[in-house]
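Please look through the sequence and the model before reading on. The report below is meant to be read slowly, with the structure kept open beside the text.

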Amino acid sequence: MAPAVLVHDLRHAFGRTTAVDGASWSASSGRVTAVLGPNGAGKTTTVECLEGLRRPDAGEARVLGTDPWRASAEHRAAVGVMLQDGGLPTTTRPLPLLRHLAALYADPWPVDDLAARLGIDAFARTTVRRMSGGQRQRVALATALVGRPQVLFLDEPTAGLDPHARREVWDLLRSEAGGGTCVVLTTHSFEEAERIADDVVVLTAGRVAAAGSLDAVRGGRSLEDVYFGLTAEAER
Amino acid sequence: MSLPAPPRSRVLAQAAFETRLLLSNGEQLLVSVVLPALALAALALTSVPDLGAGRRVDLATAGALTLAVVSTAFTGQAIATGFDRRSGVLRLLGTTPLGRGGLLAGRSVAVLVVLGVQVVVLGGLGAALGWRPGAAGLALALVTLVLGSACFVSLALLLAGTVRAEAVLALANLVWVVLLGLGVLVPTAVLPEAVGTPAALLPSGALGDAVRGTLVDGSWPWREWGVLSVWLAGGAAAVARWFRWEG
């Protein structure tokens with residue numbers, strides 16, 4: 001079966017700065033793939049190419065077999081996105097926002113249930129502008145999940161969450177993958193990758209330093225040791 | 001399965017969401033309804049400034065409706081879009097089934113709904129002050145208001161999509177104040193010639209003069225429609241060329 005997410009020799013530059021420099025990796029349905037790498041390694045740029053927000057300069061980005069750039073509404077409905085900056089309208093409250101987004105899908109996740117799963121009901125009266133970072137993070141995650149997508153792209157989904165909330169999000173993402181969703185997340189947390197990822201991609205300077213199952217990449221060591229070995233090598 | 005809602009319901013959902021946001025925003029209501037209403041009452045109940053030939057209440061109502069369009073379609077849309085662009089809302093909605101086209105369509109419908117509310121409120125106030133429009137003139141005025149809204153929305157998007165949010169806020173308010181004196185409330189023919197002649201070629205003057213013409217004597221404002229169409233075409237082309245979705 002073709003992978004749900006395929007990146008092949010992908011290149012993208014901002015002016016003279018090369019963000020992604022010939023990266024190739026893939027992610028499968030029913031698995032959680034964690035993309036790790038230092039700041040500036042090209043994680044967000046790669047994910048934005050996969051979300052259809054950027055057009056690659058060269059190479060291929062394929063999601064569910066489709067080129068995401070200018071893809072159809074049918075394709076976009078199958079892909080859930082959580083952006084690093086959230087992308088939430090600042091003057092809205094979370095439940096009206098989620099109900100509105102749910103209305104864009106034929107068969108959305110019931111909003112009350114989703115809000116309860118993510119603890120959003122506890123701050124339902126707060127406008128986005130007045131929310132804490134962690135609260136915003138949970139609403140942004142809900143916006144990615146509300147359409148019950150087949151592929152989920154999450155840019156640092158648990159950054160800024162307290163340990164309880166983080167564990168709840170991890171359980172939720174594992175259960176989404178268990179239901180057959182392809183979950184791709186970027187993270188700086190080795191703990192997060194080791195706790196929930198099936199597969200790991202390590203990017204440095206826009207290239208893939210390692211990719212494969214968590215155990216294959218770790219090779220019996222801790223992910224942290226392997227990561228520093230790989231990223232230090234690339235920077236020499 | 002993850003399927004999108006039909007295109008029509010996506011656009012209507014976006015329009016309903018945006019309309020609620022616009023109508024529940026106090027500052028927005030102040031600019032879109034309260035200030036035009038105050039302008040209407042002030043112009044109708046006083047005798048300065050000179051509003052030219054025609055019944056004063058007709059001219060005052062036409063000016064207030066023009067101001068309502070500038071407030072909602074230009075200043076309100078520019079500020080909302082500028083901040084949505086900065087906070088990533090435009091990017092996020094672009095990844096949902098709504099998409100960029102649906103977002104623009106939904107937003108346009110929301111502007112028309114708010115414009116409808118403004119016409120009812122300001123028209124009601126005008127009627128209370130003695131405004132009695134003819135059916136033909138009213139129909140022409142509504143066509144003109146829709147054309148003017150399209151024109152000002154394109155200019156709002158041009159501003160919001162090219163400069164940073166704080167600058168959009170400052171410029172959109174500044175332009176609102178400046179246009180106020182360039183044919184929105186007062187006919188360009190009454191302005192000093194050095195101001196009135198260029199003002200008639202601005203969207204503010206063209207829209208204001210057109211609405212006044214239709215409501216005062218039911219005339220077809222061909223020339224003003226032409227001016228507005230040129231601004232609309234230029235604005236839309238510039239938006240297609242220079243609008244940036246990320247802040």
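What follows is a report on charged pairs, cysteines and a surface patch in this predicted model.

**Salt bridges**

Side chains of opposite charge can pair when their charged atoms come close. Counted over all chains, this model has 21 salt bridges, and the table sets out some of them, together with the distance between the closest N and O atoms.

| Acidic residue | Basic residue | N to O distance |
|---|---|---|
| B:Glu246 | A:Arg54 | 3.0 Å |
| A:Glu194 | A:Arg218 | 2.9 Å |
| B:Glu166 | B:Arg164 | 3.3 Å |

The salt bridge of B:Glu246 with A:Arg54 crosses between chains, since B:Glu246 belongs to the segment after helix 10 of chain B, while A:Arg54 sits in the loop of chain A that runs between helix 1 (43–50) and strand 4 (58–63). The two partners also fall into separate classes of accessibility: B:Glu246 is partly exposed at 24% relative accessibility, whereas A:Arg54, at 14%, counts as buried because the limit for that class is under 20%.

The salt bridge between A:Glu194 and A:Arg218 stays inside chain A, where A:Glu194 is part of helix 7 (residues 190–196) and A:Arg218 is part of helix 8 (residues 214–218), so the pair ties together parts that are 24 residues apart in sequence. With a relative accessibility of 31%, A:Glu194 counts as partly exposed.

In chain B, the partners B:Glu166 and B:Arg164 can be compared with the classes in the same way: B:Glu166 is partly exposed, having a relative accessible area of 38%, and B:Arg164 is exposed at 58% relative accessibility. Salt bridges can also join into a network, as they do in chain A for A:Asp9, A:Arg11, A:Asp21 and A:Arg207.

**A buried arginine without a salt bridge**

What does the side chain of A:Arg76 reach at 2.8 Å? This residue, found in helix 2 (residues 73–77) of chain A, is buried yet has no salt bridge, and the nearest side chain of opposite charge, that of A:Glu74, is 7.5 Å away. A salt bridge needs a nitrogen and a carboxyl oxygen within 4 Å, so a partner at 7.5 Å does not qualify. At 2.8 Å, the side chain of A:Arg76 instead reaches the backbone oxygen of A:Ala71.

**Cysteines**

How many disulfides are there over all chains? The count comes to 0. For A:Cys182, which is in no disulfide, the nearest cysteine sulfur is that of A:Cys49, 16 Å away. A:Cys182 is buried, with a relative accessible area of 0%, and the value for B:Cys151, likewise buried, is 0%.

**The surface of chain B**

A nonpolar patch on the surface is formed by B:Leu23, B:Val113, B:Val117 and B:Val121, which together have about 250 Å² of accessible area. The largest share of this patch, 3 residues, comes from helix 5 (residues 99–128) of chain B. B:Val117 lies in helix 5 of chain B and counts as partly exposed, at 31% relative accessibility.

Elsewhere in chain B, B:Ala233 is placed in helix 10 (residues 222–242) and is partly exposed at 48% relative accessibility. B:Ala233 and B:Ala194 are separated by 39 residues in sequence, and their C-alpha atoms are 26 Å apart in space.

Notes: Residues are numbered from 1 along each chain as its sequence is written. Chains are lettered from A and ligands numbered from 1 in the order in which they are written. This is a predicted model: local features need pLDDT of at least 70, side-chain atom pairs count only at pLDDT 80 or more; totals for chains, interfaces and linings use all residues. Side-chain values use heavy atoms; hydrogens and water are left out. Patches are made of residues with over 30% relative accessible area and no salt bridge: like charges are joined within 9 Å, nonpolar side chains (Val, Leu, Ile, Met, Phe, Trp, Tyr) within 5 Å. Accessible areas come from the Shrake-Rupley method with a 1.4 Å probe; for residues, only the protein chains shown count as cover. Helices (H or I, at least four residues) and strands (E, at least two) are DSSP runs, numbered from the N terminus. Buried means under 20% relative accessible area, exposed over 50%, partly exposed in between (1.4 Å probe, protein chains only). A disulfide is a pair of cysteine sulfur atoms within 2.5 Å. Lys and Arg count as positive and Asp and Glu as negative; His and the chain ends are not counted. A polar contact is a pair of N or O atoms within 3.5 Å; within protein, one must be able to donate a hydrogen and the other to accept it, and residues adjacent in sequence count only if both atoms are side-chain atoms.
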